[in-house]
Structure formats: C-alpha cells, structure tokens
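Dear colleague,

I am passing on the structure we spoke about, and below it you will find a short account of what turned up when I went through it. Please read the notes with the structure open beside them.

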Amino acid sequence: RILPNASGTPQPTRSLRDFAAYIPKSLGYPDSRTNFTELNRLGITWNSRGDTFDFSYVRETTAQQALADVFGTGFAELTIDRGQITPVRDEPRTVFEQMYSPQNMVGHLRRTPRLIANPDEFDGVEVTFTNASTWTEDVVSCRLPGDQGLKVEKITAVGVTDKNRAYRIGMRHRRVQRYRPDTFSWSTEADAIVSRYLSYCAVADDTSGYPQSALMLSFELM
C-alpha cells in the first residue's frame, strides 16, 4: 500500500507501524485516540528487525482484528489504554515499574503453581502462514527439547510470508507455554492505577524463602 510514514509522507510500504496508524485514521478516529509515542517507538524496533505485514483482506473484518493481526506480527498485542489504541510488546526490561508487597495488597498473595506432567498441557505449536514462494498455506512445527507433539496448539501467523519469521512466532508462543506456568493473583487498591497490561512489576510476599519487604513506621534521630 501507499501510506503515510511517520513523517506524514505517502510512500509504498510494508511497515507494521504505517498500516497500524492508517487503520483508525481510515475510520475517522482523531490522532489523539492512538498512542503514537509507543507506536513510533515500536515502529523503530520492527523496522530494525525487518518485520513486515504482507496480507490482503479479501473478506470483511473488524478494525480490532486488523490491528491485532498487525501487532501480532511484531510480537505485540492490542490494548486500549485510557481511551488510546496502544500496542504492548513484551520485551527486555531492567527497571521495575511498580512494587507489590503486603504493604499495598488487600488480603494474601495467591500462587497457582504448574502441575507436574499435566496431560492437558500443550507440548508443541504448529504455525500456519502464507509461503511467499508458492503463495499457498504452509505449516511450520515448533518444538522445545523433550516435546513429543502429542498435544499441539495450532495458530495462524497473519501477514507473515517467511518460514523463519513464522517459526520465531511459534517458538515464542511455545516458550510462553513452558516457561510461564505459574500465576500470581492478589488484590490492591489505588496502587494498581499506575500499572498497565504487561507492566514489569516486582511482587514480594511475607513467606520465608520469597522476597520480603518492610514498612518503616517511625524513626528517631540520635
């Protein structure tokens, strides 16, 4: 497509950023409804990786689905943050955005651990994509060491026409399945206002063996 780039100049493009910016504009949404700060930042990341979106919508779809497809190609997800369309990408971070401890939790921290050898767990991923060499659907299998492929989750990489990129998406999905098995849940009050979807937060418990925190009630200068 010929679409405006980040500087507003129309040009032929396969850019995730340009198409994602075009979708809400084509529906009459003002720029204030799109988080261009984050979209432009991720656009630099996507361009540096060579991520592109190559797809033609021959059937009717929704703007929400189209945005989810575009962001998914770049390992990101569609969110609405305070009324703005915001892509969120799970990427390396080094600074915690928020700390949750018994001091700002209401009730107790609940941990749901992974069940060992759970037969209901997936042990493989298969990714369907459009192969640019044949322009037909192709499937790539994604396995981690020890996977037998007895229960495989099937996903579709919309807009991906390269086998290696489809494999990366599948392996990222497979690693999420294996290495994010535990879930933590707790209740809090106004502290949660500063957190967003996929915020990088630290969690502390008052149980021995886990990270702990302390609250200073008073001090005296000597």
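F219 sits in the segment after β11 (201-203), and since this is a predicted model, please take the remarks here and below as computed from that model. With a relative accessible area of 66%, F219 is exposed, because exposed means over 50% relative accessible area. F219 also belongs to a nonpolar patch on the surface, which it forms with M216 and L221, and the accessible area of these residues together is about 450 Å².

Another exposed residue is I2, which is part of strand β1 (residues 2-4) and has a relative accessibility of 61%, so that it falls in the exposed class. The C-alpha atoms of I2 and T13 are 6.1 Å apart in space, although the two residues are separated by eleven residues in sequence.

Turning to the interior, the count gives one cavity of 30 Å³ or more, and the space in the largest cavity amounts to about 60 Å³. Its lining is made up of R49, D51, T52, T73, F75, V160, R165, R168 and I169, which by class are four charged, three nonpolar and two polar residues. Helix α4 (residues 163-179) supplies three residues of this lining, the largest share.

If you would like to look at one place to begin with, may I suggest the patch formed by M216, F219 and L221, followed by the residues that line the largest cavity, among them R165 and R168.

With best wishes

Note on methods
Residues are numbered from 1 along each chain as its sequence is written. This is a predicted model: local features need pLDDT of at least 70, side-chain atom pairs count only at pLDDT 80 or more; totals for chains, interfaces and linings use all residues. Side-chain values use heavy atoms; hydrogens and water are left out. On a 1 Å grid over the protein atoms alone, a cavity is a set of points where a 1.4 Å probe fits but cannot get out, and a pocket is an open set with protein on both sides within 12 Å along at least five of seven lines; lining residues have an atom within 4 Å of a point. Grid points are joined across faces, edges and corners, and a volume is the space filled by probe spheres set on the points. Helices (H or I, at least four residues) and strands (E, at least two) are DSSP runs, numbered from the N terminus. Ala, Val, Leu, Ile, Met, Phe, Trp, Tyr, Cys and Pro count as nonpolar, Asp, Glu, Lys and Arg as charged, and the others, Gly among them, as polar. Patches are made of residues with over 30% relative accessible area and no salt bridge: like charges are joined within 9 Å, nonpolar side chains (Val, Leu, Ile, Met, Phe, Trp, Tyr) within 5 Å. Accessible areas come from the Shrake-Rupley method with a 1.4 Å probe; for residues, only the protein chains shown count as cover. A salt bridge is a side-chain nitrogen of Lys or Arg within 4 Å of a carboxyl oxygen of Asp or Glu. Buried means under 20% relative accessible area, exposed over 50%, partly exposed in between (1.4 Å probe, protein chains only).
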